[in-house]
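Student: I would like a close look at one part of this model, the surroundings of the ligand. Please take me through them in one connected account.

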Amino acid sequence: MIPVKPHIAKRAHVHSLAHYEGLYRESIANPAGFWSTQAEALTWFHPPESVHQARIEEGEIAWFSGGKLNACYNCVDRHAETQPDKVAIVWAANEPGEYRKITYAELAREVGRMANVLKSHGVRRGDRVAIYLPMIPEVAFAMLACARIGAVHSVVFAGFSAEALRERILDADCAVVLTADEGLRGPKRIPLKETVDDAVEGLSVVRSVLVAKRTGAEVAMTPGRDYWLAEELAKERATCPVEWMDAEDPLFVLYTSGSTGKPKGVLHTTGGYMVYTAFTHRHVFDIHDDDVYFCAADAGWITGHSYIVYGPLANGTTTVMFESVPNYPDCGRYWQVVDDLEVSVFYTAPTAIRAVMRAGDEFVTRASRKSLRILGTVGEPINPEVWTWYHDVVGNGQAAVIDTWWQTETGGIMIAPLPGATPAKPGSATLPMFGIRPVLVDDEGTEIKGNGVSGNLCLAGSWPGQSRTILGDHQRFRSTYFTRFPGYYFTGDGCRRDEDGYYWITGRVDDVINVAGHRLGTAEIESALVAHEAAAEAAVVGFPHEIKGTGIYAFVIIRDDFSAEDPKALVGALRDQVRRVISPIATPDAIQIVSGLPKTRSGKIMRRILRQIAAGKTDDFGDISTLADPTIVEALIASSER
Ligand code: WT7
């Protein structure tokens with residue numbers, strides 16, 4: 001147990017474990033009272049008429065109904081009035097030492113102009129806009145501009161392929177796409193406009209493609225469809241009225257992977273999401289007015305939405321936006337940004353910490369890091385050794401390490417220590433956030449009470465940041481989250497609650513894998529593989545990977561009528577296939593060509609056998625008597641890539 005540091009507790013919003021426990025009990029006993037108080041942190045055009053309604057089994061959830069507000073107003077206008085010269089966003093560009101500081105007053109103008117551009121391109125309240133931008137300030141301007149006029153943004157991570165982008169544009173019916181000529185990620189240039197061209201080719205739904213100039217690379221511009229963003233902005237004034245939205249009006253959709261092949265458009269609404277992200281940002285990172293807060297995520301993921309843009313800006317915080325990668329020009333980059341900007345709160349993923357840790361302590365110790373007070377982590381379980389390194393080396397033993405567990409669907413942080421209150425245990429996300437009731441259930445759905453137990457992690461009741469539906473498929477929303485364990489929201493994670501009531505996430509229990517902090521469905525990768533002419537069938541599993549946490553291992557059966565002269569080239573072609581269909585982040589680390597898969601007599605693939613082979617474990621397969629052909633296991637071991 002790592003005790004709370006007195007110098008952190010002294011100035012913290014929640015300053016002791018007893019303080020946390022008292023507030024937690026209150027939040028559970030009287031959620032309506034608790035959340036209506038938290039909602040007062042936002043500015044409402046019309047206050048909510050009720051706090052909360054939910055019929056969990058139907059996946060019908062509403063918070064702050066009758067309330068009217070605007071997310072952009074809360075993130076921008078009200079701060080531009082009270083603290084116009086405070087820096088809202090510091091953009092840390094790809095090249096070290098290059099920064100752009102944007103005050104709240106400037107942000108108001110940038111967002112207003114952008115909102116007017118969207119309107120001029122026909123975007124109206126309720127319309128969807130696709131954002132496929134690198135980490136440049138325009139990504140935040142665009143998100144906030146959508147929120148301002150009541151449009152629903154769909155940010156697509158700029159590492160996704162043309163096919164993946166096209167699928168998302170179509171699913172959400174986006175008439176406008178924002179992109180850039182190219183993106184920069186360390187030494188690499190990413191041809192974003194080219195990808196968009198492929199994605200929207202022949203799509204009649206897309207009216208306008210607005211292109212930001214990042215590198216000045218020459219790109220093709222289709223007249224009547226493609227516009228330079230800077231030219232469009234120059235035509236507009238900076239003043240744009242806000243649309244007052246109902247608390248339950250959609251704010252954004254964000255696609256994430258599930259157990260089936262098709263990505264889900266997770267929908268978040270305005271009031272509850274804003275209350276929850278502002279509240280959790282303030283408490284989990286113990287935010288004060290003088291903090292410089294740096295979350296190194298990408299805006300294309302929920303972490304970027306909730307904890308680079310909406311949460312921090314709602315709180316009037318200075319938020320850092322990082323365009324580059326942790327190892328450019330070397331593995332000391334994060335700590336250089338920390339020193340340059342005097343960052344007090346830093347938030348990243350275990351995979352990034354592992355990568356820079358491997359490069360050696362010198363990259364850390366050459367920076368002073370004396371401004372750091374809080375070090376957050378998110379996305380996957382953090383190994384206790386990595387946690388300890390983060391704490392001892394990066395934080396000099398002086399900063400609080402905050403392991404935050406949550407999901408795209410939860411909108412905000414659900415389980416995490418509070419810096420001034422919760423003693424830490426390396427590797428545990430510790431205790432639930434106020435108002436959050438984690439429940440462990442066995443495979444039959446019976447609650448497992450008490451401490452020192454493990455089970456499927458569910459959440460009882462609702463919380464304001466909870467996703468409300470899957471865009472265009474509420475039935476899927478219900479069946480994914482609310483039917484396996486009736487009465488609860490099912491997270492898809494396994495979890496242990498230890499003797500002290502601390503939660504330890506043990507990883508996914510469904511067919512979802514977490515690769516370098518990116519969530520991928522194994523079914524998605526399998527469909528990408530079988531779309532190749534050579535592949536008859538594919539099975540994808542995760543295996544322990546030193547840097548990525550989980551690596552991707554694919555077993556592929558080649559079609560009888562396909563003659564592979566060069567097996568190496570074939571494996572390369574299959575890899576490229578996944579890259580092209582999904583994204584480089586989904587590229588398998590290993591592909592094993594096999595003649596058969598371990599199937600039960602009813603035809604179900606026994607994935608645990610594949611996971612074991614992928615992990616390099618070649619004995620003790622347990623009961624394999626239900627396999628249609630048990631000899632297949634030896635054949636698989638013989639041709640294993642491990
Ligand atoms: C899944 C959600 C939440 C933003 C980033 C990922 C895993 C997330 C932790 C953590 C252990 C974690 C879970 C979860 N996960 N945070 N602190 N410890 N596992 O969002 O893509 O929706 O993925 O990430 O497996 O279900 P996401």
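Student: Which atom of glycine 379 lies 3.1 Å from the ligand, and what kind of ligand atom does it face?

Tutor: In this predicted model, the atom in question is a backbone N or O atom of glycine 379, and it lies 3.1 Å from a nitrogen atom of the ligand. Glutamate 380 also takes part through its backbone, one of whose polar atoms is 3.3 Å from a nitrogen atom of the ligand. With glutamine 407 the contact comes from the side chain instead, a polar atom of which lies 2.9 Å from an oxygen atom of the ligand. The ligand on its own has 550 Å² of accessible area, and the protein covers 96% of that. Two or more residues of the surrounding shell come from each of the elements α11 (302–314), β20 and β25 (503–508). The shell as a whole holds 17 residues, and the closest to the ligand are Asp403, Thr404, Thr408, Asp493 and Arg519; by character, its members divide into six nonpolar, six polar and five charged.

Strand β20 also links this shell to the sheet, an open one in which seven strands follow the order β5-β4-β17-β16-β18-β19-β20 with mixed pairing. β20 (400–404) is an edge strand of that sheet, as is β5 (99–103), and each of them pairs on one side only. From one strand to the next, the twist averages 20 degrees. Within the sheet, β16 (residues 292–295) and β18 (residues 345–348) pair in the parallel sense over three bridges, and phenylalanine 294 stands opposite phenylalanine 346 in β18.

Technical notes
Residues are numbered from 1 along each chain as its sequence is written. This is a predicted model: local features need pLDDT of at least 70, side-chain atom pairs count only at pLDDT 80 or more; totals for chains, interfaces and linings use all residues. Side-chain values use heavy atoms; hydrogens and water are left out. Two strands pair if DSSP finds at least two bridges between them. Helices (H or I, at least four residues) and strands (E, at least two) are DSSP runs, numbered from the N terminus. Axes are lines fitted to C-alpha atoms, for helices over the stretch in contact, and angles run from 0 to 180 degrees between N-to-C directions. A residue is near a molecule or strand if one of its heavy atoms lies within 4 Å of it. A polar contact is a pair of N or O atoms within 3.5 Å; within protein, one must be able to donate a hydrogen and the other to accept it, and residues adjacent in sequence count only if both atoms are side-chain atoms. Accessible areas come from the Shrake-Rupley method with a 1.4 Å probe; for residues, only the protein chains shown count as cover. Ala, Val, Leu, Ile, Met, Phe, Trp, Tyr, Cys and Pro count as nonpolar, Asp, Glu, Lys and Arg as charged, and the others, Gly among them, as polar.
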